Amino acid sequence: MIFLPGTDKQVNFFLSSTELNDKKVLIPGPGTVEIAQKIISGDPSKIVIVVDDYDSLITMRYRLQKSGEKNIDVRMMEYANTDFRKETIDVVYAQASLSVPSRNKITKEIKRILKPEGIYCVGEIVMLKDNPPDFVKDIWHSSDILPLHIDEAAEFYEEKGFDILEKKDLSFTLKDFYQDSERLLEKESKDLTEEEKSYHKKLLKKISHESNVYLKLGGDDYMGFLALMMRKI
């Protein structure tokens with residue numbers, strides 16, 4: 001199960017239109033081992049997952065070690081200041097990990113490391129309506145999320161030097177995501193293993209309040225999710 005906003009729908013959208021054979025793929029964000037394991041079916045030469053905290057690094061390396069997968073690596077670095085050389089990455093895939101206040105700097109870095117005409121697929125947490133209520137703003141603030149408006153997301157990336165190839169409104173996936181969140185939170189208190197608790201700890205902490213706002217307090221009128229397929233110009 002892909003336990004992120006966008007669920008498996010974003011990665012399916014990505015795989016349906018992207019040639020990965022012998023490509024180097026970068027995936028920024030925690031909780032993305034399952035995404036990498038799905039993308040590996042496209043036969044890329046290498047997948048590198050980048051996280052910005054030590055707990056995610058250790059738990060994700062442990063999960064990959066158990067799986068025996070050799071072509072997926074996990075490294076820790078700042079998303080806006082990576083260790084990759086200029087124009088060395090073929091594809092960047094980000095799902096619900098870069099809708100943050102430092103989006104401008106991160107986008108500049110992604111453009112720097114992507115090869116000419118490299119592909120960037122991003123799943124953005126977006127605002128569906130102007131002037132959201134304070135309780136929605138509060139959960140975005142507490143989760144360090146700075147959402148773009150759904151009608152302005154494509155323009156943001158075009159201004160940064162990307163050609164929009166396709167976009168897909170995946171806001172409907174949030175209901176399944178938050179329902180799964182509630183179920184997992186309930187399960188965590190009962191029978192998750194220590195490994196599972198560690199792996200999901202950061203995500204669970206982040207979404208425990210969000211699920212209540214989205215499912216019960218009307219947050220679904222304001223909270224959306226948009227996937228964009230782009231090419232570096």
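A: Helices here are DSSP runs of H or I with at least four residues, strands are runs of E with at least two, and both are numbered from the N terminus. Keep in mind, too, that you're looking at a predicted model.

Q: Okay, let's start with empty space. How many cavities of 30 Å³ or more are there?

A: The general idea first: rolling a probe the size of a water molecule over the atoms shows where empty space is left. In this structure, the count comes to 3 cavities of 30 Å³ or more. The largest cavity has a volume of about 60 Å³.

Q: Which residues line the largest cavity?

A: Its lining is made up of Leu-26, Pro-28, Val-50, Tyr-79, Thr-82, Val-92, Ile-106, Ile-110 and Ile-113. Sort them by class and you get 8 nonpolar, 1 polar and no charged residues.

Q: Which element gives the most to that lining?

A: That would be helix 4, with 3 residues. Strand 1 (24-28) and helix 4 (103-113) each supply at least two residues of the lining.

Q: Since strand 1 came up, how is it placed: how many of its residues are buried?

A: Of the 5 residues in strand 1, 4 are buried, so the strand is largely enclosed by the rest of the structure.

Q: And how does strand 1 pair with strand 2, parallel or antiparallel?

A: A handy idea for strands: in a regular strand the side chains alternate between the two faces of the sheet. As for the pairing, strands 1 and 2 run in the parallel sense, joined over 5 bridges. To find your place in the register, look for Lys-24, which stands opposite Lys-46 in strand 2.

Q: Let's zoom in on strand 2. Is Ile-49 buried or exposed?

A: Ile-49 sits in strand 2, which covers residues 46-51. The cut-off for buried is under 20% relative accessible area. Ile-49 has 0%, so it counts as buried.

Q: What does Ile-49 touch, leaving out residues up to four places away in sequence?

A: Quite a list: Ile-27, Gly-29, Thr-32, Val-33, Ala-36, Met-60, Ile-72, Asp-73, Val-74 and Arg-75. You can also look at a pair by C-alpha distance: Ile-49 and Tyr-93 are 44 residues apart along the chain, and their C-alpha atoms are separated by 9.6 Å.

Q: Asp-73 and Arg-75 are both on that list. What do those two form with each other?

A: They form a salt bridge, with the closest N and O atoms 3.0 Å apart. For these side chains, check the exposure as well as the distance. Asp-73 is partly exposed at 23%, and Arg-75 is partly exposed at 28%.

Q: How many salt bridges does the structure hold?

A: There are 7. One of them joins the side chains of Asp-8 and Lys-9, at 3.4 Å from N to O. Asp-8 is partly exposed, with 28% relative accessibility, and Lys-9 is partly exposed too, with 33%.

Q: Where do Arg-112 and Glu-109 lie?

A: Both lie in helix 4, 3 residues apart, which is about one turn of the helix. Their side chains meet in a salt bridge at 2.8 Å, N to O.

Q: Is Glu-109 buried or exposed, and what about Arg-112?

A: The two partners fall into separate classes. Glu-109 is buried, at 7% relative accessible area, whereas Arg-112 is partly exposed, at 30%.

Key. Residues are numbered from 1 along each chain as its sequence is written. This is a predicted model: local features need pLDDT of at least 70, side-chain atom pairs count only at pLDDT 80 or more; totals for chains, interfaces and linings use all residues. Side-chain values use heavy atoms; hydrogens and water are left out. On a 1 Å grid over the protein atoms alone, a cavity is a set of points where a 1.4 Å probe fits but cannot get out, and a pocket is an open set with protein on both sides within 12 Å along at least five of seven lines; lining residues have an atom within 4 Å of a point. Grid points are joined across faces, edges and corners, and a volume is the space filled by probe spheres set on the points. Ala, Val, Leu, Ile, Met, Phe, Trp, Tyr, Cys and Pro count as nonpolar, Asp, Glu, Lys and Arg as charged, and the others, Gly among them, as polar. Buried means under 20% relative accessible area, exposed over 50%, partly exposed in between (1.4 Å probe, protein chains only). Contact means heavy atoms within 4.5 Å. A salt bridge is a side-chain nitrogen of Lys or Arg within 4 Å of a carboxyl oxygen of Asp or Glu. Two strands pair if DSSP finds at least two bridges between them.
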